[in-house]
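Work through the exercises below with the sequence and the model open side by side, and try each task before reading its solution.

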2 protein chains.
Amino acid sequence: MQIADRMHSIQPFHVMALLARARELEATGRSIVHMEIGEPDFVTPRPVIDAGMAALAAGHTHYTPATGLPVLRERIATYYRERYAVDIEPTRVVVTPGASAALQLVMAMLVNPGDRVLMADPGYPCNRNFVYLLNGRPVGLPVGPDSAYQPEPRQVEANWDADTRALLVASPSNPTGTVLDAETLRAYHAITASHGGALVVDEIYHGLTYGVQARTALSVSDDVIVVNSFSKYFGMTGWRLGWLVVPENCVAEIDKLAQNLFLAAPTVAQHAALEAFSEENIAILETRREAFRQRRDFLLPALRELGFEIPVTPQGAFYLYAGCSRFTADSYRFSADLLEQAGVAITPGIDFGANRPAQHVRFAYTTSQENLETGVSRLAEYLRGL
Amino acid sequence: MQIADRMHSIQPFHVMALLARARELEATGRSIVHMEIGEPDFVTPRPVIDAGMAALAAGHTHYTPATGLPVLRERIATYYRERYAVDIEPTRVVVTPGASAALQLVMAMLVNPGDRVLMADPGYPCNRNFVYLLNGRPVGLPVGPDSAYQPEPRQVEANWDADTRALLVASPSNPTGTVLDAETLRAYHAITASHGGALVVDEIYHGLTYGVQARTALSVSDDVIVVNSFSKYFGMTGWRLGWLVVPENCVAEIDKLAQNLFLAAPTVAQHAALEAFSEENIAILETRREAFRQRRDFLLPALRELGFEIPVTPQGAFYLYAGCSRFTADSYRFSADLLEQAGVAITPGIDFGANRPAQHVRFAYTTSQENLETGVSRLAEYLRGL
């Protein structure tokens with residue numbers, strides 16, 4: 001069988017090989033501190049689990065409409081009013097099988113073969129692959145601490161050409177945890193609008209910010225595409241549920257694609273998610289957010305102390321993107337050795353792009369404070385032995 | 001915003017407009033008999049629902065591996081041994097978020113822009129759109145009653161050219177419900193193998209056959225790609241769970257794509273599906289299969305009696321694909337009028353391809369015997385009035 005060309009561009013997550021090795025080591029009895037995992041360690045809060053169980057007990061096992069349960073679309077729209085004071089027509093909300101599906105729908109709607117999509121490098125690994133899927137060309141904009149690891153508007157403008165269809169940004173971002181302010185979002189929108197392109201903003205880490213309230217791009221314009229998810233703040237990773245907010249004139253296009261590509265998002269997840277916005281559930285989520293903040297406030301100075309470079313304090317998500325050039329010129333090798341010799345799993349920079357990946361690693365604080373402390377002391381000992 | 005070219009090729013399901021109109025009519029108090037819906041009317045059997053609830057209660061809410069829970073992959077492999085006496089390595093089984101995701105993974109692995117995929121016309125509407133997504137060219141092979149609505153091997157051979165990558169067939173097929181025999185599967189495989197192409201067999205209606213046992217293409221060769229689902233026979237539509245069986249050398253490619261496109265299938269669905277194969281559950285499913293058979297045995301002669309042409313008796317799925325040229329030269333208009341005037345919803349041929357769609361409609365027997373009887377008598381009265 002012949003394999004399509006895109007398969008050569010699409011890479012597996014390199015961290016998967018490390019994760020597999022970590023599981024092997026654990027199977028032999030070794031203790032591993034996992035600081036590589038991109039999902040909250042917390043189980044979904046009880047109110048949402050109970051709502052899921054109630055939905056199953058009530059026999060909600062059939063397909064929903066491709067765009068999601070109308071009542072969930074309405075509830076999400078209400079959430080924008082409550083949390084951001086932004087008015088969104090519920091018809092502009094499309095419920096998706098995870099933010100993965102949301103990103104795929106958007107790229108499929110926008111990208112012809114050969115078309116370019118601008119995105120931050122480092123950035124979420126799948127972003128470039130959604131573009132490769134469609135035989136488009138992902139264009140990584142190298143970003144660094146000077147712009148808080150977000151593309152500078154002039155950089156976007158300078159890289160826009162006739163083949164460019166969209167700018168994809170994330171706030172808070174993965175792997176750097178930095179947040180976009182309203183001014184930068186407005187500047188992005190002015191550029192994309194002037195070129196007839198799309199501004200796509202990944203807001204899946206919204207809710208998980210510490211000391212700031214992230215702005216939704218929807219507060220800047222109705223003419224943006226926002227991707228969000230129940231996975232991170234709401235702690236519902238395995239349920240596979242996300243959503244899009246799109247301009248009114250894109251809804252029919254997205255609906256048509258969603259019908260064909262996915263049929264619908266999981267029904268039980270949609271019913272359960274109705275409970276995600278309840279006061280009781282939000283109170284639990286806020287407690288967890290505080291736990292994440294405490295973890296960040298422990299891990300960030302500890303890593304800096306050890307000699308990792310983290311020049312910009314991340315304000316959101318649950319990641320620290322750290323320069324490791326004091327210890328290595330090969331972050332993949334460094335990560336592999338750290339796992340093997342110290343029992344600490346982290347993600348090498350190569351998963352996030354081509355902008356100095358060998359000089360960076362990502363720490364995720366998706367494990368308990370106790371585990372983080374163990375991880376830091378193992379790391380300290382390992383570095384002393386270098 | 002500019003929209004990608006593929007969006008002009010991808011059509012929404014035309015039946016959705018009829019379904020929306022049906023819902024409007026129902027909202028005004030009208031009774032509608034639904035014979036357009038492509039999912040079992042039965043709620044998921046209780047053993048599976050209970051297993052889902054137990055999984056939630058146990059806190060199984062995190063991601064699984066991209067290829068699925070190892071224990072579920074093993075259980076599916078065992079099912080092939082039990083049901084078909086075919087040995088499959090569990091590593092060749094990839095659990096997917098529905099057969100939709102499975103078909104998408106396969107096409108993304110195989111199809112470059114401009115590449116051709118052969119498929120039956122009439123056929124499942126999404127099939128051509130998975131190919132359009134990738135800027136490939138779906139090639140509908142017109143099929144009719146002489147070949148039981150399945151492509152003839154010589155037709156496949158005659159239509160294969162240097163740009164052709166795959167033959168996609170379905171057994172039992174949607175919309176015609178016909179089943180492929182081992183001889184035809186072998187003939188297909190000989191052709192695809194001789195050209196270095198792929199034979200992709202959609203077996204999502206397996207289990208729902210009446211008086212025959214469908215053969216899996218895996219009994220013909222290991223060098224085929226089989227798509228299956230928990231939606232139809234297992235009655236788990238809204239859970240969004242399916243699977244692929246692929247040749248050993250494709251597993252890593254599919255894994256890599258699944259990581260990037262979907263992350264993983266829904267966790268609760270995977271845990272619940274472990275119960276799908278239990279003796280207790282299969283007993284329930286077999287009772288339902290018998291109900292479907294009885295419905296078919298009622299509806300088929302009733303429609304023939306009324307003057308619909310159904311020259312080949314469907315042996316599986318829950319559809320009757322019926323010629324309606326005695327009544328109309330425009331099956332879409334016929335379907336719309338039937339809904340409006342008689343309160344019966346059916347699917348017009350246009351959703352299934354370009355091969356005489358205006359002369360055909362599809363009836364689904366996914367509603368109770370009582371509803372089917374009401375539907376047939378309304379239909380009879382409507383036809384008398386023409």
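**Exercise 1: the contact between the domains**

In chain A, 31 residues of domain 1 are in contact with 35 residues of domain 2, where contact means that the C-beta atoms, placed from the backbone, lie within 7 Å. This is a predicted model, in which local features need pLDDT of at least 70 and side-chain atom pairs count only at pLDDT 80 or more, while totals for chains, interfaces and linings use all residues. Residues are numbered from 1 along each chain as its sequence is written, and chains are lettered from A and ligands numbered from 1 in the order in which they are written.

Task: state which element gives the most to the side of domain 1 of chain A that touches domain 2 of chain A.

Solution. Begin with the bounds, which come from an automatic or database domain assignment: domain 1 of chain A covers 6-43 + 281-384 and domain 2 covers 62-276. Next, find the elements that each supply at least two residues of the touching side of domain 1 of chain A, namely α1 (6-9), α11 (279-306) and β9 (319-323) of chain A; helices (H or I, at least four residues) and strands (E, at least two) are DSSP runs, numbered from the N terminus. The element that gives the most to this side is α11(A), with seven residues.

**Exercise 2: a strand and its surroundings**

Task: decide whether the residues of strand β3 (residues 116-121) of chain A are buried or exposed.

Solution. A residue is buried if 20 or more other C-beta atoms lie within 10 Å of its own, exposed if 12 or fewer, and partly exposed in between, with C-beta atoms placed from the backbone. Taking one side of β3(A), Arg116(A), Leu118(A) and Ala120(A) are buried, and on the other side so are Val117(A), Met119(A) and Asp121(A). Six of the six residues of β3(A) are therefore buried, and the strand is largely enclosed by the rest of the structure.

Task: identify the strands with which β3(A) pairs.

Solution. Two strands pair if DSSP finds at least two bridges between them. One partner is strand β4 (residues 137-142) of chain A, parallel to β3(A) over six bridges, with Asp121(A) bridged to Pro142(A). Strand β5 (residues 164-170) of chain A also runs parallel to β3(A), joined by four bridges, and here Leu118(A) has Leu167(A) as its bridge partner.

Terms used:
Contact = placed C-beta atoms within 7 Å.
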